[in-house]
Amino acid sequence: MTAHRTSRREFMGLSGAGLAGLVAAQWRTGMAAAAVDQDPDLVVVNAKVYTVDPIVPRAEAFALKGGRFVAVGGSEEIKTLARKGTQIVDAQQMTIVPGFIDAHNHAPGPILLYEVIVGNPYEVEFVTIASIVDKLKARARETPPGYWVEGFFFDDTKVQDKRALNVRDLDQVSREHPISVRHRGGHTTYYNSKAFELAGVTKDTPNSASGTYDRDENGELNGRVTDRARNVFLGKGKRQTYSASETQARNRDALAFISKQFVRYGLTSVHHEGGDLAALQDVRARGDLLHRVSYEPADDVLEAMIKTGIATGFGDEWIKLGATFEHTCDGSFSERTMALSVPYPGVEPPYHGNVTTTQEDLNEWVERVHRSGVQVNCHANGDVTIDMVLKAFEQAQQRFPRPDPRPKITHCTLINDDLLRRIKATGAVPAPFTSYAYYNTDKFRFYGEELMRRCMAFNSFAAAGIVAAAGSDFSPGPFAPLMGMQGMVTRTGWNGETWGANQRISVDEALRVLTINGAYASHEDGIKGSITIGKLADFVLLADDPHTVPPDKIKDIAVVRTVTGGKTVHQA
Ligand SMILES: [Zn+2]
């Protein structure tokens, strides 16, 4: 870790003539000078501003007009820009950073708003199996027999009972309803006997390379099913249906709900993994969209883009088509199904995880997307699949060279020197888990220190000159950016365990990961990600400075105010 205190040189740079210099440096762009005649809408003074702009890294104040920064500098200078209609905010020496950007988030609004939540989506919390059973029973009582009853946000290492959920627990809920409980990691699900019966799965059903039906010590189904083995449940049992307009209304309310949650934690931009694009536009039209969306398309939307020539970047600064939805190549880190070149420590029979694509299919998919001008985004956790993804990128770029394609590798969890070199050479942008190093250290022991020294390798990426963005992967990881920052800076979890301390990065580097690097990942670093004249006025006011609080308190810093495009969207 690096020093948390402002260096003397930095401090001196903010005083007296130094401040005038800062303003002047920015004014040379010619944009701030215009602000003088422009009546800034808002000036913020008396703040500790970390701009994440290497030209002027620190400031005390800034001015906004039309939702953009028009001046950045010292309080005295910026105050003189205020006119009759200008609102002035005294930040009282609080810390201001650019709005946080989450470069990988499933934005599961409808689940949060309507479904049975059996764990805490936002914070570390231990629940009991009895509480899970009770919540599902309550839903089953109001659900006709034969219809699915589903639970979400289960975390197998946040259970007070200290044992796994199993088929018998879920049979207690009901034997007339198919029941499923999804692990928040998204790659494993627990089912009851009725669900297995409907899907025709028995203890004799074979596993495959892309998924398993797990058994207990007697060879009976224990309820847990991994990755693609779950496909047999598709189309089985009944589900409540909604008309198109009901669905859109539900999605609209759900997106408005999750937007509020995002800004509460300081996120002003989120890369959404798919979702209802029409509902998103409705939410915006109603004025309920509080954060900016880089929309990562799947299925029909992606196909339409490829067919009609709509490339990444289409849209505007509120809703823009980004890279693709993560194209899944292997399993999950948290649920221990990602594809490793070495067997999972201590697992018998030897298990290397699940690879969910072939190299041939992957090459074909990557090439087709890349050729069409859409930014490629692949989900690869293990070293085996990161290698496969890089092979596909390398080949596509060789056949159809495109300038600066920035292919995204979502998660990009376990690296080695060869992979680092090739990530750098292809200009790929990893989006590793950020909050895991705080939230999920209870799962790091399944991999062990040797592997964890190469997992979520933010320090290795920084040292290699690779731009890595923050990928909370919510639901799997909590999205709170400050929890992510604490994880990256300390590598110490809620349980006090530290894993892979060699991958610690400084507060400043973590701040870059959480801001400008996320903008870079969606080709938007020219318009956001730092407090820079001309950029979108997205910023967060923090009650304390992450550079000076004890590193294990960073996640507790209060988000006092979140501002998107000059508008206050959250105030504590
Ligand atoms: Zn994901």
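These exercises work through a predicted model of a zinc-bound protein chain.

**Exercise 1. The chain as a whole**

Task: Find how the radius of gyration of the protein chain agrees with that of a compact globule, and how many helices and strands the chain has.

Solution:
- Step 1. Start with the rule. For 572 residues, a compact globule would have a radius of gyration near 25 Å.
- Step 2. Compare. The protein chain has 24 Å, which agrees.
- Step 3. Add the extents. The C-alpha trace spans about 80 × 50 × 50 Å along its principal axes.
- Step 4. Count the elements. There are 21 helices and 24 strands.
- Step 5. Check burial. Buried residues make up 57% of the 572 residues.
- Step 6. Check the contacts. Take those between residues at least 6 apart in sequence; 72% of them join residues at least 24 apart.

**Exercise 2. The zinc site**

Task: Identify the protein donors of the zinc ion and classify their arrangement.

Solution:
- Step 1. List the donors. They are H104 (NE2), H106 (NE2), E326 (OE) and D473 (OD). Their distances from the zinc ion are 2.1 to 2.2 Å.
- Step 2. Look at the angles. The four donor atoms subtend 81 to 174 degrees around the zinc ion.
- Step 3. Apply the cut-off. A tetrahedral site needs all angles between 85 and 135 degrees. The range of 81 to 174 degrees makes this arrangement irregular.
- Step 4. Read the spacing. The donor residues follow the pattern H-x1-H-x219-E-x146-D.
- Step 5. Place two donors. H104 lies in strand β8 (residues 100-105), and D473 in the loop between α18 (458-463) and α19 (481-490). The pair therefore ties together parts that are 369 residues apart in sequence.
- Step 6. Test for burial, which means under 20% relative accessible area. H104 has 0% and is buried. D473 has 5% and also counts as buried.

**Exercise 3. Aromatic pairs at the α18–α19 loop**

Task: Classify the ring pairs F153 with F474 and Y265 with F479.

Solution:
- Step 1. Set the scene. The structure holds 24 aromatic pairs.
- Step 2. Take F153 and F474. Their centres are 5.5 Å apart and their planes differ by 40 degrees, a tilted pair.
- Step 3. Locate both rings. F153 lies in strand β10 (residues 149-154) and F474 in the loop between α18 and α19, so the pair ties together parts 321 residues apart in sequence. F153 and F474 are both buried.
- Step 4. Take Y265 and F479. The centres are 5.4 Å apart and the planes are at 90 degrees, so by the cut-off of over 60 degrees this pair is edge-to-face.
- Step 5. Locate these rings. Y265 sits in the loop between α9 (244-264) and β15 (267-273), and F479 in the loop between α18 and α19, 214 residues apart.
- Step 6. Check accessibility. Y265 is buried at 15%, and F479 is buried at 4%.

**Exercise 4. Helix α19**

Task: Decide whether α19 is enclosed or open, and describe R491 just after it.

Solution:
- Step 1. Count. In α19, 10 of the 10 residues are buried.
- Step 2. Name some. Among them are P481, M485 and T490.
- Step 3. Conclude. The helix is therefore largely enclosed by the rest of the structure.
- Step 4. Move on to R491. This residue takes a positive phi of about 55 degrees.

**Exercise 5. Arginines over rings**

Task: Find the ring faces over which R264 and R336 lie.

Solution:
- Step 1. R264 lies over the face of Y122, at 5.5 Å from the ring centre.
- Step 2. R336 lies over the face of F446, at 3.9 Å from the ring centre.

Key: Residues numbered from 1 in each chain as written. Predicted model: local features only at pLDDT ≥ 70, side-chain atom pairs only at ≥ 80, totals over all residues. Heavy atoms only, no water. Donors = N, O, S within 2.8 Å, 3.2 Å for Na, K, Ca; no water. Tetrahedral: all angles 85-135°; square planar, octahedral: opposite > 155°, others 65-115°. Helix = DSSP H or I, 4+ residues; strand = E, 2+ residues; numbered from the N terminus. Buried < 20%, exposed > 50% of the residue type's maximum accessible area, 1.4 Å probe, protein only. Phe/Tyr/Trp six-rings, centres within 6.5 Å; stacked < 30°, edge-to-face > 60°. Lys NZ or Arg CZ within 6 Å of the ring centre and 35° of its normal. Rg over C-alpha atoms; globule rule 2.2 N^0.38 Å. Contact = heavy atoms within 4.5 Å.
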